[in-house]
Amino acid sequence: MRALIVSDIHSNLEAFDAVLADADARGGYDVVWFLGDLVGYAADPGPCIERLRGLPHLAIAGNHDHAVTGKLNPDLFNGAARAAALWTADVLTDDELAYLAGLPEVRTVGDFTHVHGSLRDPVMEYLISEPAALATFALLKSPFCLVGHSHYPIVWTEHEAGADVALLDVTAPLMLKSGQRVIVNPGSVGQPRDGNWRASYLLYDSEIGDAGVLQHYRVEYDIGTAQRKIRAAGLPESLADRLARGH
């Protein structure tokens with residue numbers, strides 16, 4: 001079984017389409033595992049929802065998905081994110097809003113638990129510190145956990161003394177092992193924040209190695225078109241500018 005693992009698309013259709021095309025060119029996939037924040041920030045929330053719904057997929061909700069459906073107060077966001085959430089809620093159809101509202105916060109798929117933020121706080125906690133990672137490991141019932149939210153492509157590995165973190169490496173596969181416990185973030189499709197503007201994603205192949213393999217990829221996309229759409233929609237200029245900076 002091959003799974004395309006994506007997170008934090010954030011209404012960036014150009015980035016999402018580039019990832020889908022790149023994954024197809026690398027042998028394709030059987031299912032998309034989506035880790036939350038389908039909408040927010042960029043200008044194509046409806047088309048991104050349509051793309052994902054047209055694929056075999058399993059999805060969970062992120063904080064931006066909750067904000068546009070009324071499950072989370074957008075006033076908790078910074079000014080640009082709040083503006084994008086309110087605009088998105090206004091342009092989506094009732095059917096699209098219902099789809100987002102129906103997404104669960106946590107899902108278990110075989111050996112993997114999917115959650116946007118952390119198991120301690122599924123949509124809001126950034127899993128970027130050792131204490132946060134250890135708190136999720138303490139609640140984790142499966143060997144492996146997939147998260148999003150921070151937009152950083154990283155892996156936390158549990159060991160007796162705590163947990164170590166490392167950046168995912170596009171040049172080396174992450175071989176999963178029985179008895180091992182890891183938390184993996186594929187990075188962001190639509191708004192990377194690790195200094196690399198290219199869309200970030202993972203492919204999982206369950207047939208390789210002991211417990212499968214995760215391979216990290218980065219793919220270029222048409223940033224100029226994504227930026228023009230953001231500006232044409234009247235969204236904050238900062239949301240267009242940051243795409244090229246990768247943070």
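Which residues do ring pairs link into a cluster? The exercises below work towards this and other points.

The model is predicted: local features need pLDDT of at least 70, side-chain atom pairs count only at pLDDT 80 or more, and totals for chains, interfaces and linings use all residues. Residues are numbered from 1 along each chain as its sequence is written, and side-chain values use heavy atoms, with hydrogens and water left out.

**Exercise 1. Describe the aromatic pairs and the cluster they form.**

Step 1. A pair of aromatic rings is described by the distance of the centres and the angle of the planes. Rings of Phe, Tyr and Trp (its six-membered ring) pair if their centres lie within 6.5 Å; planes under 30 degrees apart count as stacked, over 60 as edge-to-face and the rest as tilted.

Step 2. The structure has 6 aromatic pairs. In one of them, Trp33 and Phe112, the ring centres are 5.2 Å apart and the planes stand at 55°, so this pair is tilted.

Step 3. The pair joins distant parts of the chain, since Trp33 belongs to strand S2 (residues 31-34) and Phe112 to strand S5 (residues 112-115), 79 residues apart. Helices (H or I, at least four residues) and strands (E, at least two) are DSSP runs, numbered from the N terminus.

Step 4. Trp33 and Phe112 are both buried. Buried means under 20% relative accessible area, exposed over 50%, and partly exposed in between (1.4 Å probe, protein chains only).

Step 5. The cluster linked by ring pairs consists of Trp33, Phe112, Phe144 and Tyr204.

**Exercise 2. Describe the overall fold in numbers.**

Step 1. The protein chain contains 8 helices and 12 strands.

Step 2. For 247 residues, a compact globule would have a radius of gyration near 18 Å, and the protein chain agrees with this because its value is 17 Å. The radius is taken over C-alpha atoms, and the globule rule is 2.2 Å times the number of residues to the power 0.38.

Step 3. The C-alpha trace spans about 50 × 35 × 30 Å along its principal axes.

Step 4. Of the 247 residues, 57% are buried.

Step 5. Contact means heavy atoms within 4.5 Å. Among contacts with a separation of 6 or more, 72% join residues 24 or more positions apart.

**Exercise 3. Place Asp8, Asp37 and His151, and say what is notable about the backbone of the last two.**

Step 1. Asp8 sits in the loop between strand S1 (2-6) and helix H1 (13-25). Its relative accessibility is 0%, so Asp8 counts as buried.

Step 2. Leaving out residues up to four places away in sequence, the residues that Asp8 touches include Asp37 and His151, and also Phe34, His116 and Gln191. The C-alpha atoms of Asp8 and Gly62 are 8.1 Å apart, although 54 residues separate them along the chain.

Step 3. Most residues other than glycine have a negative phi. Asp37, not a glycine, has a positive phi of about 65°. The phi of His151 is also positive, near 70°, in a residue other than glycine.

Step 4. Asp37 is in the loop between S2 and helix H2 (45-53), and His151 is in the loop between S6 and S7. Asp37 is buried, with a relative accessible area of 1%; His151 counts as buried at 2%.

**Exercise 4. Which residues of helix H6 are buried, and what covers them?**

Step 1. In H6 (residues 130-139), the buried residues include Ala132, Ala133, Ala135, Thr136 and Phe137.

Step 2. Their cover includes strand S6 (144-146), strand S7 (153-159), strand S8 (162-167) and strand S10 (182-186).

**Exercise 5. Locate Thr88 and Gly28 and list their contacts.**

Step 1. Thr88 is part of helix H4 (residues 79-91). With a relative accessible area of 0%, Thr88 is buried.

Step 2. Not counting residues up to four places away in sequence, Thr88 touches Val39, Gly40, Pro45 and Val68.

Step 3. Gly28 lies in the loop between H1 and S2, and counts as buried at 10% relative accessibility.

Step 4. Setting aside neighbours within four places in sequence, Gly28 is in contact with Arg2, Ala23 and Leu203. Gly28 and Leu203 are 175 residues apart in sequence but 9.1 Å apart in space, C-alpha to C-alpha.
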